[in-house]
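Here are a few exercises to work through with the model open beside you. Try each task before you read its solution.

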Amino acid sequence: MSPELQRQLLQELLGLEARKALYLDDAPSRSPVQHYLDPERFAREQQRVFGALPAMLAHSSELAAPNSFLRRTVQGQPLLLLRGDDGVARVFYNVCRHRGTRLVEAQAGCKARHVCPYHAWSWNSRGEFVAAPHFEAGFPDARPEELGLAALRCEERHGFVWLLPESFAGALADFLGPLDAELAWVGTSGLAVHAADTQLRRCNWKMIAEGGLEAYHFRVAHRNTIAKLFHDNLSSYQVLGPHMRSILPRTSMAQLREQAPEHWALRAHANVLYSLFPGSVLLVQHDHVVWIQVEPLAVDSTLLRLVTLKPADSTAPTGYWDKNHALTLTTLNEDFDLAESIQSGLHTGANTALRFGRFEGALQRFNETVQRQLDGAPQAAGAAAG
Ligand code: FES
Ligand SMILES: [Fe+2]
């Protein structure tokens, strides 16, 4: 991010703070509760939103060495990520080409050969078929070069392995738009996974996304964790195509008034939250990044993966990052408990719609993006929109 943009974003928030003002949309808005309850709408979201747009599958550091592998499940599909002996990351279905057994059982590891547990057909780390017992006698018509593992389109970019659905015609860089340069600025390719946790939450996936898009709740919901580090209800957001950037200034921002603006660094005094539509959030803090991955399972059930990414060359003791990861989990669990709390009362009819205040405008922008994608708007592209 250019120093000018960093200054601009900080200046805007310093101005609001000085005037005791808030970052406001023109009008409040409402979000129908049916959007979080309707299984039919959920099925369309799965197909038109998650099934149609690129998604981060893994951080490259989880698949670092040649011949390393990882399992993932996306939209119920068993996937196998392989880093070939040529260093290239590829994504395949974790399905044997003989009679369809799950080829790899281990969640992760390092292997030059993958041998099916049923009849021992085998593949190399590039997904190419290697051999099968009694192959010529049993399968005289089969051509080994056609028996490679079934591959999916993927790309490794900014230190993440991305899955690109068949129906997604565009380039990943265009989909990221301005975020392509900002991920380079964050330096996500120079990070390494320190710790990762998964948890199942009884709420709609959008509830999780919305919980990260406002600072209105900080003083209340996070009173025992991070509230004192942040200003009350002060944040800004910018829409970047389907994605969003939110700026969450820390109370230390006031120190900038004593510094020459040309020395201002955004990450020193604010968290930057990138909502990578639809399913990933990167919370960029001053010395590390938290990656929240959202995998919708049902209209009221969402699998989350919470990852602490530290600089790959960090010399800080393990305990320092353990503490960071633990604080992240405690704080995010405060959010996720509330998301479940909301979901549990949606069907009562007490509200027909949820209310978003003028300082919760990012939630409405997010829901508009979901709606556009459902309505089949031209494929999301990352052009800046203010
Ligand atoms: S099903 Fe995999 S080798 Fe037979
Ligand atoms: Fe929160």
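How many bridges join β11 to strand β12 (residues 160–163)? Four bridges join the two strands, which run antiparallel. Before going on, note that this is a predicted model, in which local features need pLDDT of at least 70, side-chain atom pairs count only at pLDDT 80 or more, and totals for chains, interfaces and linings use all residues. Residues are numbered from 1 along each chain as its sequence is written, and chains are lettered from A and ligands numbered from 1 in the order in which they are written.

**Exercise 1. Place these strands in their sheet.**

Step 1: start from a residue pair: C154 has L163 of β12 as its bridge partner. Strands here are DSSP runs (E, at least two residues; helices are H or I, at least four), and two of them pair if DSSP finds at least two bridges between them.

Step 2: add the third strand. The open sheet has the order β2-β12-β11, with antiparallel pairing. β2 (55–59) and β11 (154–157) each have a single partner strand, so one side of each is left without a neighbour in the sheet.

**Exercise 2. Check the length of helix α10.**

Step 1: α10 covers residues 361–374, which is 14 residues. The expected span is 1.5 Å times one less than the number of residues.

Step 2: that rule gives 20 Å, and the end C-alpha atoms are 20 Å apart, so the two agree.

Step 3: look just past the helix, where G376 has a positive phi, near 75°.

**Exercise 3. Find the centre of the largest nonpolar core.**

Step 1: such a core is a set of buried Ala, Val, Leu, Ile, Met, Phe, Trp, Tyr and Cys residues joined through C-beta atoms within 7 Å. Buried means that 20 or more other C-beta atoms, placed from the backbone, lie within 10 Å of the residue's own.

Step 2: the largest core has 83 residues, and L81, V161 and V289 have the most contacts inside it. Strand β16 (residues 270–276) gives the most to this core, with five residues.

Step 3: take L81. Leaving aside neighbours within four places in sequence, its contacts (C-beta atoms within 7 Å) include L57, F69, V91 and V161.

**Exercise 4. Describe how the domains meet.**

Step 1: the chain is divided into domain 1 (3–54 + 171–374) and domain 2 (56–157), with bounds from an automatic or database domain assignment.

Step 2: their centres, taken over C-alpha atoms, are 34 Å apart.

Step 3: 13 residues of domain 1 are in contact with eight residues of domain 2. β13 gives the most to the domain 1 side, with three residues.

How values were computed:
Buried ≥ 20, exposed ≤ 12 C-beta atoms within 10 Å, placed from the backbone. Contact = placed C-beta atoms within 7 Å.
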